[in-house]
Each structure stands twice: as C-alpha cells, then as structure tokens.
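Colleague: Please take me closely through one helix of this model and its packing partners, beginning with the chain as a whole and ending with any backbone angles that deserve a second look.

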Amino acid sequence: MSRNAADITTGGRGALAELEPVVEANLHRHLRDTREWFPHQYVPWSRGRDFDGLQGGEPWTPEQSRLPRAARASLLLGVLTEDNLPSYYHILLRAFGERGPWSDWVHLWTAEEGRHSIALRGYLLTTRAVDPVALERFRVRQLTAGYRFDHNGVLQALVYTTLQEWATRVAHRNAGLASGDPVCDRMMGRIAADENLHMIFYRNVLQAALERDPDAALTAVADVLPGFRLPGHVAADFTTMTRDIVAGGVYSAQIHHEAVVAPFVRQLKLLGIGGLRPEGHQAQERIARYVRHLELTAARDIPPR
Ligand SMILES: [Fe+2]
Ligand SMILES: [Fe+2]
C-alpha cells in the first residue's frame, strides 16, 4: 500500500475512503443496537416550580440544591460539555468529511448528544440543583470562546473520540451513582448507555484503522493518549468542578487508568501488534511508557481509607 507523508501522521484521504465500508457497517450496527428514548420522561417535573423574574416565582438559592458536590459538578460539567456540540459537529465534519456514511454518522451522533444536554438541563433546572443564571452565563461564555481541537486528521480524531466516549461513559455512570437520587441515576445510566454505543462505534473503526495501517494508527494513539483531556476543560470554573469530581470519586487518575486507558490498550491489543516498521515500534514504546506513568500517578491519587 502506498502512502504519502501526510497519510502517516493524519490518515489522510486514503484512510477515509478505505474505512468507509467499516463506518457504514458500524452505522447500521449502531442503528440496530440503539433505542429511541425521550428526555422529558427522565426529568422529575413535579419537583419543579416557577423561578423569579417574568414568572414571579421563587429565586434560586444554594441550599435548594440537593445533589452532593461531586454529582452536581459532574452534571454541570456534563451539560456544559454537551452545549459545545456545534463546535464538535464542525470539528468532526472537518476530520471525517461531509459526505457518505462518515457524515451520516456525525449527524446521527450530533442528534443523540443533543438529547443528553436536553435531559441534563431539564433535570438540573427542575430540581434546582444549580444556579440557573450562572448555568446560562457559563453556556454563553463557553460557546463564545469556542472550542479548539488539539489534534489533526482522521486517525487522531478516531483515537480522541474513542477515548472521549469511553471516559464520558464512565463519568456519567459514576455521577449517577454519586447523586443519591434514583431519578438522576436512571437518567445518567441512560445517557451512559448511549456513550457506550458511541464508544463501540469509534473503537471498531479505530480497530479497522489499526489493521489497515498499524504504524500510522499506533502513531496516532501515541500522539493523542498522553495528552488526552475531556472537551469540558474549556468550561468556566473547570478547576473547581474537577476538584469536586475527583474528591467525590466520580473521575480521577485512578479511574482514568483502570476504567478507560487500561481496557482501551488491552481491547485494541495495542502492545501486541506485530510486523511493525520503526515508527510503529516507537509508538508502541511511547504508549507503554505512558501507561506505566499513568499507573504511578493513579497509585499516588488513591485517597487514604
Ligand atoms: Fe453525550
Ligand atoms: Fe457520546
């Protein structure tokens, strides 16, 4: 297979065309496995009441929020992350192209992610879990600032999206458990099930990319994995929210290692791929080095019991 220099680092047009049948097959699999659900059925509307302002209701005050700090921070970060969907849509269409099954997937994915923010916002406002004025200001600030994607090309985008969906699945699941509210837990479980199917889609396409050109795909993994951060990092108050999320055991270096990076490396058999050229070997070494580094960081992160 002939490749030019751009192909090696980004995957290039060749990768897009060659992976298209895999994308199409996985789009069909996704449509078969997913099921329609309705955000309004997950929101406990009976707990809601009018706010001040035009409705002349009760203003929001911090003591109205019943969610533990970690769950509140997670849901807030979750909805702000989903609010940036116009940017992700733009980035993915640029990486995957605006035609055929690739763009069909991006459109479907966008519709499903939008459902997550509708549910999350409905829950947060109805239960008065967060300040509604701050929530709206955060949203506007975030969209106005825009979102810059740290990576380039189809292969890096595939690695990033696989990791992102994997991490979001875990974070949403844990946030539901930390909420202490069965209604919230059910909603977060439903959203996490979507993230799981998104992860499977991206992981399967990445798997095909590894089979097609292991040197290029491993290089993309080695380039993206060590610097991976969730897209919500651009949110206002991100540092405080992250502190609460780690302290409450919703997400941490340990969880990132055990529930995301280790299974990602294991399931894709990244360290066992043979027949590589020097750049593929180098990429494998970089991945192995990062996993060891994360293991040590994670061990230090474990809170004393
Ligand atoms: Fe989502
Ligand atoms: Fe997702």
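**One helix and its neighbours**

Modeller: Of the 305 residues in the chain, 40% count as buried, where buried stands for 20 or more other C-beta atoms within 10 Å of the residue's own, exposed for 12 or fewer, and partly exposed for anything in between, with C-beta atoms placed from the backbone. This is a predicted model, in which local features need pLDDT of at least 70 and side-chain atom pairs count only at pLDDT 80 or more, while totals for chains, interfaces and linings use all residues. Residues are numbered from 1 along each chain as its sequence is written, and chains are lettered from A and ligands numbered from 1 in the order in which they are written.

The chain holds 12 helices and 0 strands, taken as DSSP runs numbered from the N terminus (H or I over at least four residues for a helix, E over at least two for a strand). Its radius of gyration is 20 Å, close to the 19 Å that the globule rule gives for 305 residues, so the chain is as compact as a globular protein of that length; the radius is taken over C-alpha atoms, and the rule is 2.2 Å times the number of residues to the power 0.38. Along the principal axes, the C-alpha atoms fill a box of roughly 70 × 50 × 35 Å. Among contacts between residues at least 6 apart in sequence, 82% join residues at least 24 apart, a contact being a pair whose C-beta atoms, placed from the backbone, lie within 7 Å.

The helix I would dwell on is H7. Helix H7 (residues 153–178) packs with helix H9 (residues 214–224) at an angle of about 55°, their axes 9 Å apart, which makes H7 oblique to H9. Axes here are lines fitted to C-alpha atoms, for helices over the stretch in contact, and angles run from 0 to 180 degrees between N-to-C directions; under 35 degrees counts as roughly parallel, over 145 as roughly antiparallel, 65 to 115 as roughly perpendicular, and the rest as oblique. The crossing of H7 and H9 is right-handed, meaning that the near helix is turned clockwise from the far one by less than a right angle, whereas an anticlockwise turn would be left-handed. On the H7 side, Leu155, Gln156, Val159 and Tyr160 meet Ala216, Ala217, Ala220, Val221, Asp223 and Val224 of H9. Sorted by class, the contact of H7 with H9 has 8 nonpolar, 1 polar and 1 charged residues, with Ala, Val, Leu, Ile, Met, Phe, Trp, Tyr, Cys and Pro counted as nonpolar, Asp, Glu, Lys and Arg as charged, and the others, Gly among them, as polar.

Leu155, which lies in H7, is buried, with 31 other C-beta atoms within 10 Å. Its C-alpha atom is separated by 9.0 Å from that of Thr219, 64 residues away along the chain.

H7 has another partner in helix H3 (residues 69–83), since the axes of H3 and H7 come within 8 Å and cross at roughly 140°. These two helices are therefore oblique to each other, and H3 passes H7 in a left-handed crossing. Here Ala70, Ala71, Ser74, Leu75 and Gly78 in H3 meet Ala171, His172, Ala175 and Ala178 in H7, a contact with 6 nonpolar, 3 polar and no charged residues.

For comparison, helix H4 (residues 85–96) and helix H5 (residues 100–126) pack at about 165°, with their axes 10 Å apart, and are therefore roughly antiparallel to each other. H4 passes H5 in a right-handed crossing.

As for the backbone, most residues other than glycine have a negative phi. Arg128 has a phi near 55°, a positive value in a residue other than glycine, and lies in the loop between H5 and helix H6 (132–145). With 21 C-beta neighbours inside 10 Å, Arg128 counts as buried. Lys269 also has a positive phi, of about 50°, although it is not a glycine, and is found in the loop between helix H11 (253–267) and helix H12 (278–301). Lys269, however, counts as exposed, with 10 C-beta neighbours inside 10 Å.

Methods. Contact = placed C-beta atoms within 7 Å.
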